[in-house]
Each structure stands twice: as structure tokens, then as C-alpha cells.
Amino acid sequence: MSTTERPRILVVGGGYVGLYAARRILKKMRYGEATVTVVDPRSYMTYQPFLPEAAAGSISPRHVVVPLRRVLPKAAEVLTGRVTSIDQDRKVATIAPLVGESYELPFDYLVIAMGAVSRTFPIPGLAEQGIGMKGIEESIGLRNHVLEQMDKADSTTDEEIRRKALTFVFIGGGFAGAETIGEVEDMARDAAKYYRNVSRDDMRFILVDAADRILPEVGPKLGAYGKAHLESRGVEVYLSTSMESCVDGHVVLKNGLEVDANTIVWTAGVKPNPALARFGLPLGPRGHVDCEPTLQVKGTDYIWAAGDNAQVPDLVGREAGNENAWCPPNAQHALRQAKVLGDNVVSRMRGFPQKEYRHANKGAVAGLGLHKGVAMIVMGKMKIKLKGRLAWYMHRGYHGLAMPTWNRKIRVFADWTLGMFLKREVVSLGAMENPREEFYQAANPAPVPAAAGKPEEKAKAS
């Protein structure tokens, strides 16, 4: 790590905001003006809007992540570890690396970009049975798990086992839930063509949400279309209800429905990283860092926050009459907030005034499987609503261009292009979850029975 006397800008989190803020600061800085240090438990940033497509096999998992050390200039330090505490009086952060003892790291300016984690509830069985969709690991795991359930169903004649293996329950009807069930259903439908004893009619897909509609981000009409479209593909959609328990895969909904399922995907919203509570920062009612319109943390002049872990006033919404408008936690705001945040850090370092974050909503896009989607494009006071294949093109075009770095943009578009000519891969790599299991069994063979040992032992056995 750098030991120079230059001021240190510590970026806590290497996700969308952390990566773009660090790149913006490095771009605006003069040579040797400061040291930028990024700390994250992972050495890569995940572009989360592509997780459903990675789960369906439309995009290679490696192309959904961006390695921090590769895309950040050498002037930046990347530490793989966690920030466990922050002493604001001393301006010191405690770093817990992947291995070894924790140590203190001094800083002059601080950027909080820890993102969010899955919002869960104390539902019996959820921790043991649920699968999240916040990281690329979960996306790969879901794909392998679904295909493995189809393998199980194809190789058994036990109807109860088959029924449980081929029942897939998704909790949460927002972007993550609706897109994931749309993509996974698409993949399972394609995969079923290669199974002798499994067809799409044998499968049961269930989408559950506590709200009265799905995809609220695109408006009620497109949300209703999305629901009707999923139902036309055989997906059961249950609204205004929630899951009460899922012990041992036995799912019980508040509306009285009970099913047995080996696959329970939890996408019912997100919450700010719980670690924020240990940093001594002012937090809003839901645990977000309370920020000024300049993205500075309230009560400080050297700490900034943005993205999913920040409560940022929506100036455009408030000017329109909504006094309690806050920026929603989505990639559209995260990208733009990161750029303003980076500029403000450099301005503060040079003694210049801060700039307020202001952005009008540009709409929302969602993919519901191959050639299927919904989109709402906002152009001034006009809203353009699209559905079907055209909306799907808008979804892919927007997120493809929003993907960080040209390296990853090209790889993603190459995956999509190859997908136009080659069939979808439907192989399950479930052994990746425990890659050493086979070697372990070979290195630790089962003990030889006594009768199979020496000749005299065989004689005794007889």
C-alpha cells in the first residue's frame, strides 16, 4: 500500500458506484494529487441487471463481472477485504483482509458505496431453502440448480420427487423477480426438449408478490401486461399475498396455497448493507446513509455516499410537488450519482463548491425472456410504452451500453450475437458447488470390509 504523504480518498465498496466514482476521481485528478484506495470483499464489480440473463445462459457469467484491478489505473489501490469500522475523529478505517489480522488505514476523504443486500424476513425455512439473486455466484448456482432438478425428475419414477423437483417458486415481483422467472422459464422450456421424461407441462412456475401488481417501475398498464404475458406461458402469479414458511421446501402462502418445491428464489427487495450501522453515520428510517443533494453525508464535509446505500433527495421530484421524493435504488441513478460524487470529491479537495445531484427519470426497461419484454421511455412530459420484441431490444440495448468498459460491452454483445445462431447451453455443472468432492472421495476410499481382507479373515467369515 502507498506510504506517501498524499491525501487518501478511501472508497468503501467496489460495486457500480464505487467503481465509477473511483474512475471519475482518477480521471479528474492531477498526477500525484491524491491516493485512491478501493476496498471490497470481492475483486470484481457485478453488473446486476444481467444476472437473470446469466442464470438463463444467455450471457457468460464472466462477462457480467468487471475485474477492479484491470479497469482501475495503476494509480489506484485495490484492497480485497472488508471495512469493519470507521473512526471519524481520527479519520481511520479498520480493514479486515481475506487473510491475516486486521489493520488500520488512515484517510482524508471517504466514499461510502457498499450497496445493498437482500431484504429478508424471519420466515421459517427461508435461510435454509432460499436462493438469492444479488451476486453472480447465486446466478450460476440457480442455473445449475434448476437444470439439476430436471435431471433428477428425468431419472426417477417417484411422482412425489418429480413434482417437488419440477416446482419453482419465486418470491418478489419487481425487476429481479419478474425478469428472473421469465428467463429461467425460458431456459427450462428449451432444456425440456432434450429430456425424455420431462416436458414443460410437468413443470410448475409460481410468482408471489405482496403488492397488487408486478413490475411497478414500468407503471400499472405495462405491469398488467407483464403479468398476463407470464400467465400465458403457464406461470402462476399470486398477488397481494406472501410466503409464511418454507420448511424443508414445503411452501405455505398466506392465501392458503401449499406446494412442495426444491427451488425457492427470493427476490423480495433489498436493504442497505447492515455494516453501515457500525460506521457512526447518520442513517434514515430504512438504514440508508442520510445525504445532502450534493451527496455529502449530512453533518460532514469529507464523507460522501451514493447508490443503494444512500438516501439522496430527488430534486426533480420535489420541484414537481413531491416533498418526500427520494432517488430510487437503480442503475440509472447509481451511474449518474457516481459521476457527480467523483467530481464533488475532487472539488472539495481543491476548495471548490459542491454540485447538487439532479436527474429526471428516463424510464425503465425489463426483459421477460428471449424476445420478450416491457419498456417505458420518458421523453419530457411524454411517456412511450413498449412491449414484446421491441421492448426487449430496448432492454438489451440500454443495458448493453450501460455495461462498464468496452471490453465487457463487446463480450456481452458477442454472446448475444452467437446466441442468434447457436442453441442455448443446457448442461448442468452442479459439481462446481463442491469441486473437490470427487477428489476427496478418491483420496479417502471407503474402509475395506473385514471379509474382503486377508485370506485367513475370509476363512473366518465363511
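Guide: Helices here are DSSP runs of H or I with at least four residues, numbered from the N terminus. The model is predicted.

Visitor: In which helix is the place of S139?
Guide: By that numbering, one DSSP run of helix covers residues 136-154. S139 has its place in this run, helix α5.

Visitor: Is S139 buried or exposed?
Guide: Buried requires under 20% relative accessible area. The relative accessibility of S139 is 0%, so S139 counts as buried.

Visitor: Which residues does S139 touch, not counting residues up to four places away in sequence?
Guide: A contact needs heavy atoms within 4.5 Å. With residues up to four places away in sequence left out, S139 touches L51, A54, A55 and M133.

Visitor: How many aromatic pairs does the structure hold?
Guide: Ring centres must lie within 6.5 Å to make a pair. By this criterion the number of aromatic pairs in the structure is nine.

Visitor: What kind of aromatic pair do Y16 and Y47 form?
Guide: Their centres are 5.6 Å apart, with 40° between the planes. Stacked needs under 30 degrees and edge-to-face over 60, so the remaining label applies. Y16 and Y47 therefore form a pair that is tilted.

Visitor: How many residues apart are Y16 and Y47?
Guide: This pair links distant parts of the chain. Y16 is in helix α1 (residues 16-28), while Y47 is in the loop between β3 (44-46) and α2 (51-56). Their separation along the chain is 31 residues.

Visitor: What kind of aromatic pair do F413 and W416 form?
Guide: The centres of F413 and W416 are 5.1 Å apart, and the planes make 85°. An angle over 60 degrees decides the label. The pair is edge-to-face.

Visitor: Why are F413 and W416 separated by about one helical turn?
Guide: Both residues belong to helix α12. The separation is about one helical turn because F413 and W416 are three residues apart in helix α12.

Visitor: Is W416 buried or exposed?
Guide: The relative accessible area of W416 is 7%. The limit for buried is under 20%, so W416 is buried.

Visitor: Which residues form one aromatic cluster?
Guide: Y16 and Y47 form an aromatic pair, and so do F413 and W416. One cluster takes in these four along with Y20 and F50. Its members are Y16, Y20, Y47, F50, F413 and W416.

Visitor: Over the ring of which residue does the charged end of K409 sit?
Guide: The charged end must be within 6 Å of the ring centre. For K409 the distance is 5.4 Å, and the ring is that of W406.

Conventions
Residues are numbered from 1 along each chain as its sequence is written. This is a predicted model: local features need pLDDT of at least 70, side-chain atom pairs count only at pLDDT 80 or more; totals for chains, interfaces and linings use all residues. Side-chain values use heavy atoms; hydrogens and water are left out. Helices (H or I, at least four residues) and strands (E, at least two) are DSSP runs, numbered from the N terminus. Buried means under 20% relative accessible area, exposed over 50%, partly exposed in between (1.4 Å probe, protein chains only). Rings of Phe, Tyr and Trp (its six-membered ring) pair if their centres lie within 6.5 Å; planes under 30 degrees apart count as stacked, over 60 as edge-to-face and the rest as tilted. A charge sits over a ring if NZ of Lys or CZ of Arg is within 6 Å of the ring centre and within 35 degrees of the ring normal.
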